[in-house]
Amino acid sequence: MSRIDVGYFPGCSGLGTSMEYERSTRAVCRELGIGLREIPDWNCCGSTPAHSTDSALSAALASRVFAQGEKAGIGDMITPCPSCLKNLRVALEHMEDPLFSARVDALTERPLQMRHSIRSVLQILIEDVGPERIKARVRRSLKGLKVVPYYGCLMTRPEKIMRFDDPENPVALDRLLEALGAEVLAFPLKTDCCGGSFAIPARKVTPRLAGRILDMAGEVGADAVVVACPLCQMNLDLRQGQIRAGGVDRVLPVPYFTQLAAYAFGLPEQEAAFKKLVQDIQPAFACMSRRAADIEAEERKTAAAEAEKARLAAERAAKAAEKAAEKAGAKDAAPDGAGKKSAAAKKPREKADADGGEA
Amino acid sequence: MRIGVFICHCGSNIAGTVDCAGVAQRAAAYPDVVYSTDIMYACAEPGQDAVIAAVKEHGLTGVVVASCTPRMHEPTFRKAVERAGINRYMFEMANIREHVSWIGKDVEANTNKAAELVRMAAAKLRLNRELKPKSFPVTKRVLVIGGGVAGIQAALDAADAGLEVVMVEKQPTIGGKMAKLDKTFPTVDCSSCILGPRMVDVAQHPNITLYAYSELEEVSGYVGNFDVKIRKKATYVNWDKCTGCGLCTEKCPSKKSYDRFNEGVGPTTAILIPFPQAIPKKASIERDYCRLFNQGKCGVCAKVCPTGAIDYAMQDEIVEVKVGGIVAATGYDLVDWTVYGEYGAGRYPDVVTSLQYERMLSASGPTGGHIKRPSDGKEPKDVVFIQCVASRDPSIGRPYCSGFCCMYTAKQAILTKDHIPDSQSYVFYMDIRSPGKGYDEFTRRVQEEYGARYVRGRVSMIYPKGGKLVVRGADTLMGGQVEVEADLVVLAVGGEAAAGSPALAEKLRISYDGYGFFMEGHPKLKPVETNTAGVFLAGACQGLKDIPSSVAQGSAAAAKAIGLLSRNMLDSDPQIAFVSVNRCVGCRKCIEVCPFKAIREIDMRGQPKAEVIETVCQGCGLCNATCPQGAIQLSHFTDNQILAEVEALCRF
Amino acid sequence: MSVLEGKELRIVGFLCNWCSYGGADTAGVGRFTQPTDLRIIRVPCSGRINPLFVMKALIGGADGVLVSGCHPRDCHYAEGNYYARRRLEVLKGLLPVLGINPSRFEYTWVSASEGQRWQHVVETFTARIHALGPAQAFAGTTGPANHNRADAMVS
C-alpha cells in the first residue's frame, strides 16, 4: 500500500467536543497508510466570531496556520472539521487577490512562500485512497447496518470555494459507507441545516432544524445518522432531549464516519471511541447483527436455489442436446448449433425465475 | 463642386445645446460650400422641400445635412436629393444629435464639435462620386426555416400572396411547440384545434413545398438570389409510398424509445408517427432505438408495411433550391433544468416540466388527458408550480425573463382544477408578468375563481417524504418559510435559443446575441428584418415570445418577404469594391480575405488581376484594407475619402 | 483642427457602422453624458480600417485614436473584426518604434445595444488622453508636406 504523507490540522473541536472524531481519524488514517504530520503550534482557523467581524483578521489567523505549516515544510494539509476547512479555503481564495494578501501579510508579517492546499479527511479518503482500498481493509463489515449520511451545510458548499462533490446531492460519504459494508439509505436532507451555531443566539431554532433531520432519518428507517462535522454531531446527538421536548421522538445514534470506519477495520473501542457519543450506538449494532444474520441466511437460501436451478437447467440442456443430436444424426446436420440454440432460448426464463426467487 | 449645408434644429433636440445658426455660419467658409443655412426640421416635408429648393436655386451638386444619425434618416435625405436631381450618393450626413447635442450640455463645446463634424462631412463629400445601382432579376420563392406556428403563419401568408414557399422543418412533423400544448391562454381554447387546420393548409397549399425532417445545409448567394442546400435526413421510410396507416407503429417490438413529441412522458416505438394530427402524417424510424440497426435483426416494420415503404438502406439526400428571400423561424428550446440540484436535478420522477405537464393534460397525450404522477400513476391532489425556473437567473447565464411562463402557469393551474376538482394548486412566483390583452385578468381569475394559492418567493429545496414531495420555499410577503407537501411539482422552465441557432446564424450570415437569439435589424423600427438583406425573422428565434406575438411576427416577416419579391428586378447596393486594374498586381490577397467569395481572379492580357463580382460583394472593405497596392477601393468609403475626414481634423 | 484650447484634446474615433456607431447612437438616445473631445468617423467595418489611417491621424496631430468594432464572433461581415484585431494589435507594437506613445491608441468592442458601455469607453479613453496631455508635433511635420507624406504611405 502506497503511503501518503500530509499535514494535519486537528481544529479546536478535536481537542474538546469531538475527541472521538479526532481519535478515530488518526486511527483510520494510520490504518490506510496516511501519515499525518500535525502543524506545529497551530492556532484557531479564524472561524465564526473572527470572520464575521473582519475578513482580514480572520484570514490572518488562517495565514499563520499555513505559515506554521511552511516551517515544517508542509504545503498540503487536511482537516476533519468542515468549518475549519471552509475558513482556511476561503482565506486561501481571498489571498489570491494581491491587495487582500498585502493586508493579511501586514498583519502576520509572514508572507506565505509555498503553494498551499487544504482538504477534508473525507476528501482525501475518497480521492486519494478510494473506496476499493477502504473496502479491502474492512475486517468487520457493517453489513446489515442501515445508515443515512449527513454532510451538513459546509462540506460541499459554497460550491466555488469547496470544489468537492455535488453541492446539493453529494455522494462521497455514501460511497465510503458502502465500502464499509453498510446499507446507505436515500436521504434527501443530506445538506440541510442542523441549526449550526444558532443554539447560542436563538435557542429554539436548533432543536427544530436538527429535529427535522432526525425525523427524516427515522422515517426512512435508518439505524444511525453518520456525520462528518463536529457541530452537526453535537446538535444532532447532544440535543436529542430538547428535540424530544419539541415533539420529535426519534432516538438515533449519531457517529462520525471515522468511528464506523475504525469499527469496520476491527480497531479497538478506545480508538473507535463510541463511548464518547451521547446516544448509545450498541442498539444499532445489535440491530445490524440480527439483520446481517437474516441477510446471510437469505443469501445462503438463494445461492442453494440458484445452484439447484443451474443443475436442472444443465440437465435439461443436456437432454435437449441429446435429442437434437439424435435428430441431427438422422438428418446428417450439425448437432452443436442446435444444442446451443436451445440452451440460449431457455436462459431468459431461468433468469426470470431467479429474479422471482430473490424477491 | 457646389456644396449646400443644412443644419437641423430638430426642434429643441439639437438647437437646445447647439448654436445651429452659428454652425451654419462657420460652415459657409468651408471649401466648396456655396450655401449654408439652419432649418427647423430637415426631415419633415417643409424641410425636405427647402433642401430641394436650395439645390435648384443655388445649383448645388452636393448636400450635407447635419441632423440625427445616418442610421435613421440617411435613406430619407438620399431620396430627397434624388428628387432635386442630384445623385443620391452626392450626399453626406453629420450626426450632431446622438453624437453631440444629446450627450452634453456645454453649448460652446457642442457648437464647436458640430461645426467640425460638418467640416468632416463636407471634406468627404468633395471626393464623393456618383454611384448607380445595377439591376438584377429576383427569384420569386421564399424559404421558411422552421415549421412552428410562426413559420406556418409566414409560409401561408407568403403562399397566399402568390409566392412559392419552401418550408424546412427539423422534426418529422411541423407544428413546433404549439402542437404540444393542450390549451392556450388566456382563452383556454384547444391548441391543436386552432393550429391543426393551419398545418393541414401548409400540407395542401399548392405553393408550399414542405421538407420535414430536414435541415439547412448551406446558403450562398445574396438577396433575391440565394442558393440553398437542404439536407433531407434519412427516415428509413419512403414517404412517397407511406400512407400513414400506422400498422408499423403498432407492431414495432422496440417499445421503449424516448418519445420526443411527448417530452418523454411515456415510451414510444422506434418507428413512429409523432402524433395523430402530424403533418406530414408519415412514419420515420429513430435509428438509435431500432432493433434492426442496433441488434442486426428485426425487420418487423418492413414485413407488416402494406405498401413496402420501409427502406433500411436510405441515405441522407441533399436538395438544392434557389430562393429570393429567407424567413428564419426556428423557435426555442426549454433550458436544461437539471442544473438545479435544489429541485432534485432530475432524481425525482414527480418533478416534471411545464411542457411534460401539457402532454399529460392533452387528451391525445400518453395519459389520455388524465393527470397522473409519473412515479405511481396516482392522481395528484396538491400540485405545486414553480415559476422562473431557468429564467431571470444570472447564476446559470439566463438573466432574461422568458415572458410566457407566468401566463402558461396560470393556465395550467386552471386546467388542473378542471381536471381534478378537489385539487389544490400552489404557485411560487417572483413577479407576475402579464402585460397583454386579457392577460392580467386571467392571472386574477386563477387566484380568485380557481383558488390557486400564489406564494411570492423562491423555492430552496424539494425533497421526498413519505410518498410526497416537500417543497420548501420563502414567502416574501409574509416574511417566513413555507413548506408545501405536494403530490406533483411542475417547473415553469424558461426558454433559450433553439439548439444550433448560432451555427444557423453563421450560415445565414446574420448576427445573434450572447444567448443565441437572432438579432433584428433595429430593436424598434426593424423588428423582423436582419442586417443581411433578404433574411427575415419570425417568432421566438429573435427573442422569446408567446403565440400571438409569434403569429404577428410570422405575418410581418411574410409581408417583408412579399414586399421584397413583389419586384421583378432589385437594385444592387453600389457601395461595393472596385479594382483599378492598372494598380492591381494579382497578388490574390483580396481573394483570400473576402468573406463572401466576391472576388475572383481574371486573366487580362496574360496578367492575373482581381475582379469584383458586383452582386456578391457586401461592401465590408476588408479587401481595401488588405490590398498592398491600394488597387481595390470600396466605393463611397475609399482611402482618400476617409483620409479627407481625418485631414479635416488634423492640426499640423 | 479647431478644438477649444485648454478644454478639449483631439481624439479621433473610427467606428464600425453596424455596432459601435449604433452603440454611440444608443448612448445618445439614452442621454449618457460624454466628454466632447471625440470626433467619430464612420466606416462599414472595423476590418475596413487600414492601420495607416490611425498613424496618419496621430502624425497629423490627433492626441488619441480610438477604434471600436463588433464583438468577436459578432461581425456583420462574419470575420472582419478578426482581421482588425490582428492588424491593430500589430500596430500597437509598432507605434513606439515611430516615437508615438502606444497609450494614445486603443481598440475595443462595443455592440449597438451597449450604450452604457460606449459611455464608459469614451469617458475612460478621454480621461487617459487628458492624463497624457497634448501630443507633440513631429519635427518638420507642420504644413501640408506631412499630409502628402502620410498620403503616400496609404495609397
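**Notebook: rings, chains and cavities**

I began with a charge: the charged end of Arg42(C) sits over the ring of Tyr21(C), 5.6 Å from the ring centre. For such a case I required NZ of Lys or CZ of Arg within 6 Å of the ring centre and within 35 degrees of the ring normal. I found Arg86(C) placed over the face of Tyr83(C), at 5.6 Å from the ring centre.

A note on ground rules: this is a predicted model, where local features need pLDDT of at least 70, side-chain atom pairs count only at pLDDT 80 or more, and totals for chains, interfaces and linings use all residues. Residues are numbered from 1 along each chain as its sequence is written, chains are lettered from A and ligands numbered from 1 in the order in which they are written, and side-chain values use heavy atoms, with hydrogens and water left out.

**Entry: the largest cavity**

Where do Tyr21(C) and Arg42(C) turn up again? I met both in the lining of the largest cavity, where they are among the residues nearest its centre, along with Met93(B), Glu645(B) and Ile40(C). The full lining has 17 residues. I put the volume of this cavity at about 250 Å³.

My search of the whole structure gave ten cavities of 30 Å³ or more. I worked on a 1 Å grid over the protein atoms alone and took a cavity as a set of points where a 1.4 Å probe fits but cannot get out; lining residues have an atom within 4 Å of a point. Points are joined across faces, edges and corners, and the volume is the space filled by probe spheres set on them.

Which elements supply at least two residues each of that lining? I listed helix H3 (70-83), strand E4 (91-95) and helix H5 (107-125) of chain B, together with strand E2 (38-43) of chain C. Helices (H or I, at least four residues) and strands (E, at least two) are DSSP runs, numbered from the N terminus.

**Entry: how the chains meet**

I checked which chains touch, with contact meaning heavy atoms within 4.5 Å. Two pairs of chains do, and chains B and C share the most contacts of the two. Chain A and chain C do not touch, and their nearest C-alpha atoms are 23 Å apart.

**Entry: chain C**

I read chain C along its sequence as β-α-β-α-β-α-β-α-α, with five helices and four strands. Of its 155 residues, 60% are buried (buried is under 20% relative accessible area, exposed over 50%, partly exposed in between, with a 1.4 Å probe and protein chains only). Among its contacts between residues at least 6 apart in sequence, 77% join residues at least 24 apart.

Why is helix H2 (residues 51-59) of chain C largely enclosed by the rest of the structure? I counted nine of its nine residues as buried, so the helix is largely enclosed. Among them are Phe53(C), Met55(C) and Lys56(C). Just after H2(C), I noted a positive phi of about 115° at Gly61(C).

**Entry: aromatic pairs**

I paired rings of Phe, Tyr and Trp (its six-membered ring) with centres within 6.5 Å, calling planes under 30 degrees apart stacked, over 60 edge-to-face and the rest tilted. Over all chains I got 25 aromatic pairs. In one of them, Trp18(C) and Tyr77(C) have ring centres 6.3 Å apart and planes at 80°, so I logged the pair as edge-to-face. Trp18(C) lies in the loop between strand E1 (11-16) and helix H1 (20-29), and Tyr77(C) in the loop between strand E3 (64-69) and helix H3 (80-94) of chain C, so the pair ties together parts 59 residues apart in sequence.

Are these two rings' residues buried or exposed? I have Trp18(C) as partly exposed at 25% relative accessible area, while Tyr77(C) is buried at 4%.

I looked at Phe105(C) and Tyr107(C) next: their pair is tilted, 6.4 Å centre to centre with 35° between the planes. Phe105(C) is buried at 1%, and Tyr107(C) is buried at 13%. In chain A, I found Tyr21(A), Tyr256(A) and Phe257(A) linked into a cluster by ring pairs.

**Entry: chains B and A**

In chain B I counted 18 helices and 32 strands, and its C-alpha trace spans about 90 × 70 × 40 Å along its principal axes. Of its 652 residues, 56% are buried.

For chain A, the domain assignment (bounds are from an automatic or database assignment) gives domain 1 (4-280) and domain 2 (291-353). Their C-alpha centres lie 52 Å apart, and each domain gives five residues to the contact.

Notes
On a 1 Å grid over the protein atoms alone, a cavity is a set of points where a 1.4 Å probe fits but cannot get out, and a pocket is an open set with protein on both sides within 12 Å along at least five of seven lines; lining residues have an atom within 4 Å of a point.
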